[in-house]
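Q: Could you walk me through this structure and show me how to read its features?
A: Sure, let's look at it together.

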Amino acid sequence: MDHVNENPPRPGGLRIGDTAPDFEARSTIGPVRLSAFRGRWLILFSHPADFTPVCTTEFIELARHADRFEALDCALMALSVDSLFAHFAWLRLIRDRFGVEVRFPIVEDPTLVIGSAFGMVAPQDNDSAAVRTTYFIDPTGTIRAMTCYPANVGRSTPEMLRTLEALQAIDREGGLAPANWQPGEKLLGAPSHDLDAVYAAKDPVAWFLESERDAP
């Protein structure tokens, strides 16, 4: 039986370590340019559409936690194919119905130019139904982490904050964030690259799984 590839060809897209593509576009706070955020952290995230249930819950939660991202010197920027005026109408509804004002910028991307540049959508896609992607961009403009959720599962704001704080902690300390690490907990040390240190380690594990140390 011949092998049948059911997956259409896909572009490689962006990877961790790539420089985030620059763009300038209209947003709910006026024109924004991605490179203008250099010097601080930025979380750029896309959502399938305004006036949808999962997206509405995400924006309410992100707006409620906006001060925590700001305290970590991290800006938020959202993106969707909807028009600027659709964004305005949706934000007005969120404020009136849920008492939450979304103040971070929401970019309009009706032609999918920005979404395509970031690999959020493939060139052959003609809609953004599958787009719920998040990019963690450091102060140098480098992509440090990415997540992608299906349209019917909302992102976790606590996990976004945890990922951001983990990236910032390892930058400060040069350590490693173990599984289920939480802010304030100890980091792991980097494993040795020296064979003498491997042989001299007190046990077979100590050279690559160093004792934890206190995070600042």
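**A loop, a helix and a hairpin**

A: Start with phenylalanine 51, which sits in the loop between β3 and α1; helices (H or I, at least four residues) and strands (E, at least two) are DSSP runs, numbered from the N terminus. Residues are numbered from 1 along each chain as its sequence is written. This is a predicted model, where local features need pLDDT of at least 70, side-chain atom pairs count only at pLDDT 80 or more, and totals for chains, interfaces and linings use all residues, while side-chain values use heavy atoms, with hydrogens and water left out.

Q: What is the phi of phenylalanine 51?
A: Phenylalanine 51 isn't a glycine, yet its phi is positive, about 55°.

Q: Is phenylalanine 51 buried or exposed?
A: Buried means under 20% relative accessible area, exposed over 50%, and partly exposed in between (1.4 Å probe, protein chains only). With 46%, phenylalanine 51 is partly exposed.

Q: Which residues of α1 are buried?
A: They're Cys55, Thr56, Glu58, Phe59, Ile60, Leu62 and Ala63.

Q: How far apart are the end C-alpha atoms of α1?
A: An expected span is 1.5 Å times one less than the number of residues in the helix. For the twelve residues of α1 (residues 53-64) that gives 16 Å, and the end C-alpha atoms are 17 Å apart, which agrees.

Q: How do β6 and β7 pair?
A: Two strands pair if DSSP finds at least two bridges between them. Here β6 (residues 133-137) and β7 (residues 143-148) are antiparallel, with five bridges. Threonine 134 faces threonine 147 in β7.
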